[in-house]
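Student: I have a new structure open and would like to talk it through. Could we begin with a single detail and work outwards?

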Amino acid sequence: MSETVLVVGGGGREHAITRALSPDAEVYALSSNRNPGIAALAAGTETAEETDTDAVVDYAESVGADAAVVGPEAALAAGVADALNAAGVFTFGPTADAARIETDKAFQREFMAAHDIPGTPEFETFDDAEAAADYVESVDDDVAVKPTGLTGGKGVRVTGDQVSHEEAAAYVRDSDHDEWVIEERLVGEEFTVQAFVTDGTVRPTPAVQDHKRAYEGDEGPNTGGMGSYSDAGPALPFMTQADYLDAVDVLEATVDALPEYTGVLYGQFMLTAEGPKVVEFNARFGDPEAMNVLPVMETPLLDVVTAAREGERLPEPRFANRATVCKYAVPAGYPTDPDSGAEIEVDESTVDAAAAKHGGDALLFYASVDARETGLFTTTSRSFAVVGVADDIPTAEAIAADALDAAGDGLRVRKDIGTAELVRSRVDHMASLRD
């Protein structure tokens with residue numbers, strides 16, 4: 001019997017999810033934009049706000065969905081998983097309460113401290129912006145300054161890196177947020193491990209390193225993620241296998257304290273000289289990290305979803321021993337003043353040509369674009385990503401770099417992601433910290 005699965009969300013992450021599900025299920029999709037990559041794979045699409053629980057449930061029922069996968073964090077925070085489950089549509093995604101592990105950073109840290117989760121940094125929480133700002137000005141050590149709610153990956157300021165203590169305090173006072181987490185600045189190399197979770201079982205995927213800063217050399221403001229890479233194996237070049245397993249131990253300890261959690265748990269870690277510490281948790285696949293792990297996953301994603309639905313033990317996911325490099329093309333001015341509503345052209349033939357040239361695979365994932373009758377238009381976020389897949393990182397990077405010829409006028413890319421020079425700098429940085 002064929003399965004019908006609803007995917008909620010219209011970004012690059014959801015394009016990757018749809019691509020992973022479509023060989024084995026009839027997929028329908030609902031999002032606020034019309035993603036042409038998703039539309040090409042789906043049996044049907046609906047345009048509505050992902051946070052509109054009534055619209056999501058109505059569409060799921062109209063297509064006879066047997067299951068749903070929710071991509072965006074805002075939809076989880078709005079209770080879309082709760083509403084779908086209440087309507088009898090099993091949802092591979094946490095309830096709004098369980099999603100607080102991402103959506104409420106104060107809760108996240110207090111939860112971690114209460115349950116002695118390994119890798120918990122030192123922190124203080126505040127429910128008054130003025131008190132938080134005063135605290136930032138009073139401490140000598142560098143700190144990370146975080147609003148407790150969702151900020152699309154752009155809300156954190158780090159003293160000693162991006163801003164001074166005075167600038168961080170002014171940021172707090174000038175913002176619209178009252179509740180804050182102020183925590184120790186973690187020094188090291190960031191990486192992500194995502195895991196499939198249900199009934200207390202954790203099935204990790206390979207580690208990925210995302211690149212938040214807007215410009216080459218890790219300069220500029222934070223973004224939703226300009227690109228990412230993974231290696232041909234579970235760890236990254238600057239990590240040991242023990243580092244990876246320590247990160248998995250953190251995820252398992254977290255799930256032990258959240259036994260009813262269902263969906264993807266994403267751990268963003270800082271590999272410090274003392275080992276991995278938790279930067280944050282997310283309650284869903286990362287974007288772009290989903291585009292690194294799903295294309296090399298050999299176990300059907302549908303098998304994971306249906307096992308969770310049936311209360312069966314999750315399968316051990318198998319991954320091809322291949323490296324990936326993902327690079328995003330973003331609107332001019334992104335992230336501070338993106339050129340929204342600009343018509344763009346994407347030459348998909350360059351993606352196939354790049355793969356043929358280097359002997360690997362190349363994939364294009366559409367993200368926050370809107371396909372209209374008159375053409376393809378930008379929104380305020382990232383437009384599309386290309387992913388090179390090969391036996392090693394340098395070849396995957398060469399594929400992604402050539403595939404980026406698909407990006408026409410009005411789009412910008414961060415070209416250094418996955419390059420030998422950048423990866424070597426990460427290895428050297430960790431070696432210097434561990435000396």
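**Strand E23 and its surroundings**

Tutor: Let us begin with one pair: Leu-363 has Val-387 of strand E23 as its bridge partner. Please keep in mind that this is a predicted model.

Student: Which strand pairs with E23 over six bridges, and in which sense?

Tutor: That is strand E20, residues 361-366, and the pairing is antiparallel.

Student: And how many bridges join E18 to E23?

Tutor: Seven bridges join them, and the two strands run antiparallel. Strand E18 covers residues 323-331. One of the pairs is Cys-326 with Val-387 of E23. Val-387 is thus a partner to Cys-326 and also to Leu-363.

Student: Why is E23 described as largely enclosed?

Tutor: Strand E23 runs over residues 384-390, and seven of its seven residues are buried, so the rest of the structure largely encloses it. Buried here means under 20% relative accessible area.

Student: Which residues lie on each side of E23?

Tutor: On one side are Phe-384, Val-386, Gly-388 and Ala-390. On the other side are Ala-385, Val-387 and Val-389. Both faces are covered, as all of these residues are buried. The split into two sets follows a general pattern: side chains in a regular strand alternate between the two faces of the sheet.

Student: Changing topic, what is the order of the open sheet of three strands?

Tutor: The order is E19-E22-E21, and the pairing is antiparallel. Strands E19 (343-344) and E21 (369-372) are the edge strands, each pairing on one side only.

Student: How many bridges are there between E21 and E22?

Tutor: There are four, in the antiparallel sense, and E22 covers residues 375-378. Within E22, Phe-377 stands opposite Asp-370.

Student: Now the whole chain: how many helices and strands does it have?

Tutor: The chain has 15 helices and 24 strands. Of its 435 residues, 57% count as buried.

Student: What radius of gyration does the chain have, and what would a compact globule have?

Tutor: The chain has 21 Å, and a compact globule of 435 residues would have a value near 22 Å, so the two agree. The C-alpha trace spans about 60 × 50 × 40 Å along its principal axes.

Student: What about contacts between residues 24 or more positions apart?

Tutor: They make up 67% of the contacts with a separation of 6 or more.

Student: Finally, how many positive and negative charges are there?

Tutor: There are 30 positive and 81 negative charges, and their mean positions are 4 Å apart. As for the surface, the chain exposes about 16600 Å², of which carbon and sulfur atoms supply 43%.

Definitions and conventions
Residues are numbered from 1 along each chain as its sequence is written. This is a predicted model: local features need pLDDT of at least 70, side-chain atom pairs count only at pLDDT 80 or more; totals for chains, interfaces and linings use all residues. Side-chain values use heavy atoms; hydrogens and water are left out. The radius of gyration is taken over C-alpha atoms; the globule rule is 2.2 Å times the number of residues to the power 0.38. Buried means under 20% relative accessible area, exposed over 50%, partly exposed in between (1.4 Å probe, protein chains only). Contact means heavy atoms within 4.5 Å. Accessible areas come from the Shrake-Rupley method with a 1.4 Å probe; for residues, only the protein chains shown count as cover. Lys and Arg count as positive and Asp and Glu as negative; His and the chain ends are not counted. The place of a charge is taken as NZ of Lys, CZ of Arg, CG of Asp or CD of Glu. Two strands pair if DSSP finds at least two bridges between them.
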